Every structure is written in structure tokens, then in C-alpha cells.
Amino acid sequence: MATSRRQFLERSLGVFAFSVLATSSFGLAARSAFAAKKEKAAGANEVPADDAVASAIGYVPDASKVDAKANPTFKKGQNCSSCALFTKSNEGWGKCQMIQSGLVHSNGWCRSYNKKA
Ligand code: SF4
């Protein structure tokens with residue numbers, strides 16, 4: 001009986017220690033991912049909303065919000081990351097050969113979209 005109780009306590013302690021370790025590891029990973037995302041967003045000089053070129057070519061940072069009636073050339077699935085004029089800078093952002101004032105979002109779109117070969 002004493003052995004059984006001892007085994008139970010040892011196993012419980014092992015499960016508890018594993019839980020604490022797993023929880024703290026997950027927390028550190030989540031915090032690191034958040035910090036990295038924040039750094040990328042902060043480091044990204046996004047195209048200003050009033051950029052004349054971006055406005056002229058109808059750039060939007062989220063292709064899912066393109067007005068398909070006003071932009072009949074738009075096809076679902078098109079976005080900056082698959083455009084020949086896009087060069088990835090970091091996760092979620094890149095340089096566009098058309099817009100020089102800042103980075104465009106990889107999920108963005110404009111009427112100058114040109115599918116990568
Ligand atoms: S030209 Fe291409 S990369 Fe530039 S904003 Fe338009 S879709 Fe995005």
C-alpha cells in the first residue's frame with residue numbers, strides 16, 4: 001500500500017511538473033511570436049493612405065475588400081504576393097515596383113496586378 005501511494009505521488013508530481021513546463025514553454029513561444037509580429041509591423045513602413053500612385057492604381061491592403069464591380073480585372077485569389085512586381089521584405093510585407101513610398105501588404109491588390117510567371 002505504501003509503495004502504491006508513493007508511486008501515485010511520484011506520478012502526480014511528474015504530471016504536474018510536465019504541465020508547468022509545457023505551459024511556460026507555450027507562453028514563451030506565444031510571446032516570441034507576438035513580439036516578432038509586432039517588430040515586423042513596426043519596422044514596416046506601410047504605404048501611406050494618401051499616396052498618389054497607390055490611389056491612382058487602386059491599391060488596397062486587403063484584396064478581400066476589392067470592389068469587384070469597380071475592378072472587373074480582379075480575380076479572387078489575386079494579391080500582391082503572387083504579383084510579378086512584388087518583392088517580399090518580411091512576413092506579410094514587400095516592396096512593389098509601382099509604389100515607392102512604402103511597403104505593400106502581401107494580401108494587398110491593385111489594378112496593375114501582373115501574375116508572376
Ligand atoms: S502592382 Fe502588384 S505588388 Fe504592386 S500593389 Fe499592385 S498587386 Fe501589389
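Where is the place of Cys110? In this predicted model, the place of Cys110 is in the segment after strand β3. Because 25 other C-beta atoms lie within 10 Å of its own, Cys110 is buried. Leaving aside its neighbours within four places in sequence, Cys110 is in contact with Ile57, Gly58 and Tyr59, and its C-alpha atom is separated by 9.1 Å from that of Ser55, a residue 55 positions away along the chain.

The secondary structure of the protein consists of two helices and three strands, which, read along the sequence, follow the pattern α-α-β-β-β. Confidence is uneven between these elements: it is lowest in helix α1 (residues 2-43), with a mean pLDDT of 51, and highest in helix α2 (residues 52-56), at 97. Over residues 18-40 the pLDDT is below 50, and this stretch has four contacts in the model beyond near neighbours in sequence. For the protein, the mean pLDDT is 79, and 62% of the residues reach 70 or more.

The three strands form an open sheet in the order β1-β2-β3, with antiparallel pairing. The edge strands are β1 (86-90) and β3 (104-105), each of which pairs on one side only. Strand β1 is joined by four bridges to strand β2 (residues 93-96), and the two run antiparallel. Within this pairing, Asn90 has Trp93 of β2 as its bridge partner, while the bridge partner of Lys88 in β2 is Gly94. Strands β1 and β2 form a hairpin with two residues between them, and Gly92 in the turn has a positive phi of about 95 degrees.

On the other side of the pairing, two bridges join β2 to β3, and these strands also run antiparallel. Trp93 stands opposite His105 in β3, and the C-alpha atoms of these residues, which are twelve positions apart in sequence, lie 4.6 Å apart in space. His105, whose place is in strand β3, is buried, because 21 other C-beta atoms lie within 10 Å of its own and 20 or more suffice for that class. Apart from neighbours within four places in sequence, His105 is in contact with Pro61, Cys80, Gly92 and Trp93.

Of the 117 residues of the protein, 18% count as buried. The largest nonpolar core has 16 residues, and those with the most contacts inside it are Val47, Tyr59, Cys80, Cys96, Ile99, Val104 and Trp109. Tyr59, one of these residues, is in contact with Val47, Ala54, Ile99, Val104, Gly108 and Cys110 when its neighbours within four places in sequence are left aside. Across the protein, residues 24 or more positions apart account for 69% of the contacts with a separation of 6 or more.

A ligand is also present in the model, with 14 residues around it, and among these Cys80, Cys83, Phe86, Cys96 and Cys110 come nearest. By class, the shell around the ligand has twelve nonpolar and two polar residues, and no charged residues. Cys80 and Cys96 thus appear both among the residues nearest the ligand and among those with the most contacts inside the largest nonpolar core. Cys110, likewise among the residues that come nearest the ligand, is the buried residue described above in the segment after β3.

Definitions and conventions:
Residues are numbered from 1 along each chain as its sequence is written. This is a predicted model: local features need pLDDT of at least 70, side-chain atom pairs count only at pLDDT 80 or more; totals for chains, interfaces and linings use all residues. A residue is near a molecule or strand if its C-beta atom, placed from the backbone, lies within 6 Å of it. Ala, Val, Leu, Ile, Met, Phe, Trp, Tyr, Cys and Pro count as nonpolar, Asp, Glu, Lys and Arg as charged, and the others, Gly among them, as polar. Two strands pair if DSSP finds at least two bridges between them. A residue is buried if 20 or more other C-beta atoms lie within 10 Å of its own, exposed if 12 or fewer, and partly exposed in between; C-beta atoms are placed from the backbone. Two residues are in contact if their C-beta atoms, placed from the backbone, lie within 7 Å. A nonpolar core is a set of buried Ala, Val, Leu, Ile, Met, Phe, Trp, Tyr and Cys residues joined through C-beta atoms within 7 Å. pLDDT is the predictor's confidence in each residue, from 0 to 100.
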